[in-house]
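Please walk through this structure with me, beginning at the ligand and its surroundings and then turning to the way some of the helices pack.

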Amino acid sequence: MTRFGRYGETVTDEAKHLLDLTEKHLDIGMRGVPVGTCRTSYVTPGEGVHYCGYPIAELAEMEPEDVVYLLFNKELPTEKQSLEFRQNLATRAEMPGDLTPIFSTLPRDGHPMDWLSIGIHSLGMMDCKNDWKEDALNLLARMPRLMGLMFRYREGRIDNIPEDDTSLSMVQRFTNTLQLEVVDQEKLAKIISVYLVLHMDHGGGNLSTFVGKAVASGHATLYSSIASSMNALSGPLHGRANQSCLEFVLRVGTSEPEEVEHFVRKELEEGRPVFGFGHAVLRSEDPRATVQFALGEKLCPDDANFKIIRTLREVAPRVLSENPKISNPNANVDIASGALLHHVGLTNPSYYTTFFGWARVIGIGAQIFDERVIMRGGKGVPIYRPKYIAREQSLRHIE
Ligand code: CMX
């Protein structure tokens, strides 16, 4: 019997309550219902996400390229493998065509996630190998340039865009294309690097990953599948929560504990969520939040927004704990990422989900590759077809 996970559960242990399916499992968005297996990552209530067995806190400061290698190869690279992998990515990085005619006609006030989805679709129309791994690696190698170009076209900064130096790291290629003037480039690179590693993967069943794998199961292209994932990620209940979180922090506007507590209580009284707190699976502070708080203490302890989230971290869990319905009153990943990005000059929260999307292209790409090429002895998972049970309305004309 296959054993997996640090706690040595068996696949059968995990799946056994499939046998106990009852009506209470229906019309709940499949929450918690096992439907497959995942080779890249899993989430535990105590330690959060693990990539290929490594708790995320152990990986956070690594180079993103090495973590990409881990997700695709299920082991960390040696120094030699790391170097060869970077060289390999560099050979894939050149854009397969010109995005100018596409990006110059998109509405600038359209949401950046819609731009990202269109950008990924466009890359797929320009060059698709119809090979799951090749396409996943090509796409992730082209993402830094795509992201940088997208920001520049949206902002109308289309003159003198630097050439893409493919020998640079993924993060440097993005910052090199973006050319933000006012910031400390080293800090910017560090914050994006940690952000990317923390957000690459989060188990198999989150909405965007599930959607990407479902679309791929019908043998749509890798690019169409991942563009669909990005559309799923753009929803305010999913990836766009990180945008809402910084908007929330900006609304708090003070780091004075009593005033913050007053603000939090008022939000709850008026039926609004306290953003950046709570989680569907975790039952302690998300280690991805802990890592970002530590990074903020190092890089920007006196930043006004960082001071707000530091106070929120002290105050909100205590207030939220007063409601016994709330399973986890602690900070989640979104509490800190916005404040850090804002500090280094990425001040428009509507962009934040695109960073999340950039990171997830990697984990979702690796999961699609596993499902299409590795699972079921190489046959791949069949086309998704869950069962919906007929309700009385759909049976109306049957006597
Ligand atoms: N503020 C206000 N109410 C909250 C809350 C919060 N931070 N966290 C939980 N609750 C409420 C839920 O809305 C739910 O209320 P109802 O029973 O009226 O529906 C109740 O407490 C129980 O919720 P739960 O079982 O503890 O958590 P859920 O799995 O239902 O929800 C989440 C998880 C993240 C949607 C929720 O905690 C929330 O809305 N948080 C604020 C928004 C946020 O920060 N989102 C980013 C999530 C990041 C991530 O997923 O990694």
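In this predicted model, the ligand is surrounded by 18 residues, of which Val274, Gly276, Phe277, Ser327 and Asn332 come nearest. Sorted by class, the shell around the ligand consists of nine nonpolar, five polar and four charged residues. Three side chains place an N or O atom beside an oxygen atom of the ligand: for Arg31 the distance is 3.3 Å, for His279 it is 3.3 Å, and for Lys325, through a polar side-chain atom, it is 3.1 Å. The ligand on its own has 880 Å² of accessible area, and the protein covers 63% of it.

Attention can now move to the helices. Two packed helices are described by the angle between their axes and the distance between the axes. Helix α7, which spans residues 132–155, packs with helix α17, residues 352–374, at an angle of about 170°, and their axes are 9 Å apart. Angles over 145 degrees count as roughly antiparallel, and α7 and α17 are therefore roughly antiparallel to each other. On the α7 side, the contact is made by Trp132, Lys133, Ala136, Leu139, Leu140, Met143, Pro144, Met147, Met150 and Phe151, while α17 contributes Thr354, Phe355, Trp358, Val361, Ile362, Gly365, Ile368, Phe369, Arg372 and Val373. By class, this contact of α7 with α17 comprises 16 nonpolar residues, together with two polar and two charged ones.

How does α7 pack with helix α11, and at what angle? Helix α11 covers residues 222–233, and its axis is 9 Å from that of α7, with an angle of about 55° between the two. That angle makes α7 oblique to α11. The residues that meet here are Trp132, Asp135, Ala136, Asn138, Leu139 and Arg142 in α7, and Leu222, Tyr223, Ser225 and Ile226 in α11. The contact of α7 with α11 divides into six nonpolar, two polar and two charged residues. Reading the two lists of contacts together, one finds that Trp132, Ala136 and Leu139 of α7 take part in the contact with α17 and also meet residues of α11.

Technical notes
Residues numbered from 1 in each chain as written. Predicted model: local features only at pLDDT ≥ 70, side-chain atom pairs only at ≥ 80, totals over all residues. Heavy atoms only, no water. Near = heavy atom within 4 Å. Polar contact = N/O pair within 3.5 Å; in protein donor to acceptor, adjacent residues only side chain to side chain. Areas by Shrake-Rupley, 256 points an atom, 1.4 Å probe, with all protein chains shown as cover. Nonpolar A, V, L, I, M, F, W, Y, C, P; charged D, E, K, R; others polar. Axes fitted to C-alpha atoms, helices over the stretch in contact; angles between N-to-C directions. Helix = DSSP H or I, 4+ residues; strand = E, 2+ residues; numbered from the N terminus. Parallel < 35°, antiparallel > 145°, perpendicular 65-115°, else oblique. Contact = heavy atoms within 4.5 Å.
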